[in-house]
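Morning, everyone. Let me put the model on the screen, and then I'll walk through it.

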Amino acid sequence: MDHEVVIEIGGIPIALQTTDPEFVRILRGRYGDYMKSGVKSDFTFRVNMVAPDTFNPEADAEVWLEDGEWRFERGDFRARWSPEKRQGLIHQSANPYSIDSVLRITHTLLLARTGGFLLHASSAVRNGKAYLFSGLSEAGKTTIARLAPPDVTLLTDEASYVRRVRDQYMAYGTPFAGELGEPGKNISAPIAAVYLLEKARQNRVVSIEPAEAIQRLMRNILFFAHDPELVRLVFESACAFVAAVPVSKLSFFPDQRVWDLIG
Amino acid sequence: MPPAETYLARSTDIAARKLGDETVIMSTVDSTIFMLNPTGSIIWEAADGNTPLSRIIEERVCAEFDVPVEQASADAQDFVDQLAKHAILLVSDEPIPPVKEVP
């Protein structure tokens, strides 16, 4: 029997179809708040189960366009997706990590054409505004999320979802969790600021020049496809974003006082 | 025989954005990012494939920054070598024709 699960991230509903009830159970556990019922999906992926270790487990992620279809491959999955037909096919074992990666890749491709991106950043909402804390591993994304006071709502501690909506940039909650191991709240808010994290002995916010902001943001934007046109679009998105949203360095000592500087 | 001229042309495999008098350039091949200072930005903008580097230095860089030609030439050569190494800038001892767009 076919099961269909719709997962809406960043306001974009994507349906996953499978015959495996165990996989549906995994999806429900993994995506909780992000699962929608009675929502028409923008895209549908059929998920075919294969045995673990069917593919080369050492293979890194590769994303490329072939005959009008995107191909995503990694050691634990193979996928193809036609944005035009709005359909895709995934081969993976029944685990949450592979589908998580396929969804991340799909969203990066969708966002690239609409001025948005996924950013290595934790993000949170305070007083109706979203704040992003960006950095690579060990920069402090999860630390700053853990230190958030009770009036702060976490959107993610790992991958922030940025969309351009009309004339402003919005941050959306994502289920893409880092060390915190918990999905963010499925809400959105206009982005007030981006902070580039640096651990230090004291808390300080230092504004940076737009050129450096673009360079630093580009390092932290998740993008997997070998496609010059889309790479160019992502760069343009980062430039437009920096022109609209303040980007600063946040040197912080890991205790709760850092939040006195936010919001 | 006079020394050969050097001609520069911007690669088409890049994305670039000018911000004030600085320029951010990204290779769309390997996503390497470069930040050009005001001098680098002037050379970058003047790299049209037809203007020799010596003329760019004399007429643009030295005129703008009041720096001796010898020093500007040495600095420019380092800059050109670095960008050429990443195929951001194309370098030739002959004028470089523009790349035709494939229809």
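I'll take the helix packing in chain B, then the chain contact, then chain A.

Housekeeping first. This is a predicted model, where local features need pLDDT of at least 70, side-chain atom pairs count only at pLDDT 80 or more, and totals for chains, interfaces and linings use all residues. Residues are numbered from 1 along each chain as its sequence is written, and chains are lettered from A and ligands numbered from 1 in the order in which they are written.

Element names come from DSSP: helices are H or I runs of at least four residues, strands are E runs of at least two, and numbering starts at the N terminus.

Start with helix H1 of chain B, residues 38–46. Which of its residues are buried? B:Gly40, B:Ser41, B:Ile42, B:Ile43 and B:Trp44. Buried here is 20 or more other C-beta atoms within 10 Å of the residue's own; 12 or fewer is exposed, in between is partly exposed, and C-beta atoms are placed from the backbone. What do the buried residues of H1(B) pack against? Strand S1 (7–10), S2, S3, S4, H2 and H3 of chain B.

Look at the H2 partner. The axes of H1(B) and H2(B) cross at roughly 150° and come within 10 Å. Axes are lines fitted to C-alpha atoms, for helices over the stretch in contact, with angles from 0 to 180 degrees between N-to-C directions. H1(B) and H2(B) are therefore roughly antiparallel. The angle classes: under 35 degrees is roughly parallel, over 145 roughly antiparallel, 65 to 115 roughly perpendicular, and the rest oblique. The crossing is right-handed, meaning the near helix is turned clockwise from the far one by less than a right angle; anticlockwise would be left-handed.

On the H1(B) side you have B:Thr39, B:Ile42, B:Ile43 and B:Ala46; they meet B:Ile56, B:Arg60, B:Val61, B:Glu64 and B:Phe65 of H2(B). Contact means C-beta atoms, placed from the backbone, within 7 Å. By class that is six nonpolar, one polar and two charged residues. Nonpolar covers Ala, Val, Leu, Ile, Met, Phe, Trp, Tyr, Cys and Pro; charged is Asp, Glu, Lys and Arg; the others, Gly among them, are polar.

Next pair. H2(B), residues 53–65, and H3(B), residues 69–85, have axes within 10 Å that cross at roughly 120°. These two are therefore oblique. The crossing is right-handed. H2(B) brings B:Leu53, B:Ile57, B:Glu58, B:Val61 and B:Cys62, while H3(B) brings B:Val69, B:Ala72, B:Ser73, B:Ala76 and B:Val80. The split is eight nonpolar, one polar and one charged.

Now the chain contact. How many residues does each chain give? Chain B has 12 residues in contact with 11 of chain A. On the chain B side, strands S2 (14–19), S3 (22–27) and S4 (33–36) each give two or more residues. That side divides into seven nonpolar, two polar and three charged.

Over to chain A. Helix H2(A) runs from 96 to 112. Its 17 residues should span 24 Å at 1.5 Å a residue, and the end C-alpha atoms are 24 Å apart, so the two agree. The expected span is 1.5 Å times one less than the number of residues. 12 of the 17 residues are buried, so H2(A) is largely enclosed by the rest of the structure. Among the buried ones are A:Arg104 and A:His107.

Further on, H4(A), residues 210–220, packs on H5(A), residues 228–244, at about 135°, axes 9 Å apart. That makes H4(A) oblique to H5(A). Right-handed crossing here. A:Pro210, A:Ala213, A:Ile214, A:Leu217 and A:Met218 meet A:Phe235, A:Ala238, A:Cys239 and A:Val242. The count: nine nonpolar, no polar, no charged.

Last, backbone angles. Most residues other than glycine have a negative phi. A:Asp53 has a positive phi of about 65°. This residue sits in the loop between S4 (43–49) and S5 (62–66) of chain A. Buried or exposed? A:Asp53 has 10 C-beta neighbours inside 10 Å, so it counts as exposed.

A:Arg166 also has a positive phi, about 55°. Its loop joins S12 and S13 (168–172) of chain A. With 5 C-beta neighbours inside 10 Å, A:Arg166 counts as exposed. A:Val165 lies in S12, residues 159–165. With 14 such neighbours, A:Val165 is partly exposed. The C-alpha atoms of A:Val165 and A:Pro190 are 9.2 Å apart, 25 residues along the chain.

Conventions
Contact = placed C-beta atoms within 7 Å.
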